[in-house]
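Please look over the sequence and the 3D structure shown here. The paragraphs after them go through the chain step by step, from single residues to the overall fold and back again.

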Amino acid sequence: MWAEFTAGRPEAAGEDYDAWPFGDDPDTLAQLVLEGVKTATASAYPLYEATDEPLPEAGGYSVVLDSRGEAVCVIRTERVAVKPYRDIGTEHARREGEGDRSLAWWRQVHEAFFRADMAASGLCFTEDMLVVCEEFRRVWPE
């Protein structure tokens with residue numbers, strides 16, 4: 001997919017990219033990206049620190065994978081903000097495109113996800129935990 005995307009796009013041809021699936025339900029979430037409903041995601045900042053993984057950066061590309069590890073689409077990061085979980089707002093919840101797109105739904109699902117994700121790494125979730133909020137746009141397929 002990356003080769004198809006970069007063909008005829010010299011500005012992207014030399015760029016690095018990441019490839020990853022979304023959270024607990026990669027197929028559904030990738031489909032929401034394809035439909036233009038999902039334009040944001042969130043991840044636990046402490047896990048970046050624990051693995052010494054770099055944060056996403058504005059302008060960076062990612063190949064979104066499905067549950068089988070197959071490429072679904074290419075996205076480009078537009079904005080990245082790091083903020084406490086308790087400060088995530090309604091606009092971010094809406095842009096994530098999941099459930100009823102409300103902040104209440106987002107908090108319920110993401111708290112459970114973050115608790116499990118953090119516990120798997122021997123860390124604890126708190127409402128003060130920093131969250132990496134990434135906004136993106138789908139760039140391929142167009």
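Is Arg9 buried or exposed? With a relative accessible area of 16%, Arg9 is buried, because the cut-off for a buried residue is under 20%. These values come from a predicted model. Arg9 has a charged partner: Glu142 forms a salt bridge with Arg9, and the closest N and O atoms are 2.9 Å apart. The two residues sit in distant parts of the chain, 133 residues apart. Arg9 belongs to the loop between α1 (2–6) and α2, while Glu142 belongs to the segment after β5 (130–140). Unlike the buried Arg9, Glu142 counts as exposed, because its relative accessibility is 73% and the exposed class begins over 50%.

The segment after β5 also holds Pro141. The peptide bond that leads from Trp140 to Pro141 is cis, with omega near -5°. Most peptide bonds are trans.

Now consider the chain from end to end. How many helices and strands does the chain have? There are 6 helices and 5 strands. Starting at the N terminus, the elements follow the order α-α-β-α-β-α-β-β-α-α-β. The C-alpha trace spans about 45 × 35 × 25 Å along its principal axes. A compact globule of 142 residues would have a radius of gyration near 14 Å, and the chain has 15 Å, so the two values agree. Of the 142 residues in the chain, 39% are buried.

Salt bridges were searched for in the whole structure, and 12 were found. The bridge between Glu142 and Arg9, described above, links distant parts of the chain. Another bridge pairs Lys38 with Glu96, with the closest N and O atoms 3.3 Å apart. This pair also links distant parts of the chain, with the two positions 58 residues apart in numbering. Lys38 is in the loop between α3 (26–34) and β2 (40–44), and Glu96 is in helix α5 (residues 90–96). Both Lys38 and Glu96 are buried.

A further bridge joins the side chains of Glu111 and Arg115, at 2.9 Å from N to O. Where do these two residues lie with respect to each other? Both are in helix α6 (residues 103–120), and because they are 4 residues apart, about one helical turn separates them. Glu111 counts as partly exposed, because its relative accessibility is 23%. Arg115 is also partly exposed, with a value of 42%. Elsewhere, salt bridges that share partners join Lys38, Glu96 and Glu98 into one network.

The backbone deserves a look as well. Most residues other than glycine have a negative phi. Two residues to check here are Asp52 and Arg101: phi of Asp52 is near 55°, and phi of Arg101 is near 70°. Each value is positive in a residue other than glycine. Asp52 is placed in the loop between α4 (45–51) and β3 (61–65). Its relative accessibility is 70%, so Asp52 counts as exposed. Arg101 is placed in the loop between α5 and α6. At 31% relative accessibility, Arg101 counts as partly exposed, because this class lies between the buried limit of 20% and the exposed limit of 50%.

The last stop is the surface. Which residues form a negative surface patch? The patch consists of Glu11, Glu15, Asp16, Asp18 and Glu53. One of these residues, Asp16, can be located in the loop between α2 (10–13) and β1 (17–21). Asp16 counts as exposed, because its relative accessible area is 67%. How far apart are Asp16 and Glu4? In sequence they are 12 residues apart, and in space the C-alpha to C-alpha distance is 15 Å.

To retrace the route in the model, begin with Arg9 and Glu142, which form a salt bridge, and continue to Pro141, which follows the cis bond from Trp140. Then turn to Glu111 and Arg115 in helix α6, and finish at Asp16, one of the residues of the negative patch.

Note on methods. Residues numbered from 1 in each chain as written. Predicted model: local features only at pLDDT ≥ 70, side-chain atom pairs only at ≥ 80, totals over all residues. Heavy atoms only, no water. Patch = residues over 30% accessible without salt bridge, like charges linked within 9 Å, V, L, I, M, F, W, Y side chains within 5 Å. Areas by Shrake-Rupley, 256 points an atom, 1.4 Å probe, with all protein chains shown as cover. Salt bridge = Lys/Arg side-chain N within 4 Å of Asp/Glu carboxyl O. Lys, Arg positive; Asp, Glu negative; His and termini not counted. Charge placed at Lys NZ, Arg CZ, Asp CG, Glu CD. Buried < 20%, exposed > 50% of the residue type's maximum accessible area, 1.4 Å probe, protein only. Rg over C-alpha atoms; globule rule 2.2 N^0.38 Å.
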